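Good morning, and thank you for coming. I should like to take a few minutes to discuss enclosed space in a protein model, and one helix beside it.

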Amino acid sequence: MGGVVPTILKNLPKEPEKIFHNNDYEIHLADKWFKENIVLIGDAAHACSPIMGMGASIALEDAYILSNELSRDQDISEALNIFYHRCYKPAREILSKSEQIHFLIGVPSFLDKITTFFVKDIYLPHYFDWQYKFSTKEF
């Protein structure tokens, strides 16, 4: 590996807990979904748990509503505000249901334990060991 890769690898933290964070059950709803000519839709604006199976559906709904508002004869800023207000409540409801399901089935503790075991305790230590050996040519 050449270029900037060795520098990046050298500067990565050596402790897995410093780079791996499993919070699949934390639900996020961005406060603002647009700024100037940049618009967030789908998971970028309102990520829901994969357990819901709703990510692609919500993204498509966002895209449809956004294109609908942008095609109207109105100021782009107004179109983005309307888009946000039309999509916020349904997204919040889905995220709320996602949080409830995670709470009911105990996903946080279960997923966290499994992921921590496999990723932090098994994969990352071996990965860092291999990267160290590769970057220092200790094969």
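I shall begin with the cavity and then turn to helix α4.

Please keep in mind that this is a predicted model. As general background, rolling a probe the size of a water molecule over the atoms reveals where empty space remains. In this structure, 1 cavity of 30 Å³ or more is found. The volume of the largest cavity is about 40 Å³.

Which residues line the largest cavity? They are Ile58, Glu61, Asp62, Cys87, Pro90, Ala91 and Ile94. Two helices, α4 (55–71) and α5 (76–105), each contribute at least two residues to this lining. The greatest contribution comes from α5, which supplies 4 residues. In terms of class, the lining consists of 5 nonpolar and 2 charged residues, with no polar ones.

Let me now consider α4 itself. Its 17 residues, at 1.5 Å a residue, should span 24 Å, and the end C-alpha atoms are indeed 24 Å apart, so the expected and computed values agree.

Which residues of α4 are buried? The buried set comprises Ile58, Asp62, Ile65, Leu66 and Glu69. These residues cover an arc of only 100° around the axis, and therefore they lie on the same side of α4. Two of these buried residues, Ile58 and Asp62, also appear in the lining of the largest cavity. On the face of α4 turned away from the buried side, the exposed residues are Ala56, Leu60, Tyr64 and Ser71.

That concludes my remarks, and I welcome discussion.

How values were computed. Residues are numbered from 1 along each chain as its sequence is written. This is a predicted model: local features need pLDDT of at least 70, side-chain atom pairs count only at pLDDT 80 or more; totals for chains, interfaces and linings use all residues. Side-chain values use heavy atoms; hydrogens and water are left out. On a 1 Å grid over the protein atoms alone, a cavity is a set of points where a 1.4 Å probe fits but cannot get out, and a pocket is an open set with protein on both sides within 12 Å along at least five of seven lines; lining residues have an atom within 4 Å of a point. Grid points are joined across faces, edges and corners, and a volume is the space filled by probe spheres set on the points. Ala, Val, Leu, Ile, Met, Phe, Trp, Tyr, Cys and Pro count as nonpolar, Asp, Glu, Lys and Arg as charged, and the others, Gly among them, as polar. The expected span of a helix is 1.5 Å times one less than its number of residues. Buried means under 20% relative accessible area, exposed over 50%, partly exposed in between (1.4 Å probe, protein chains only). The arc is that of the directions from the helix axis to the C-beta atoms.
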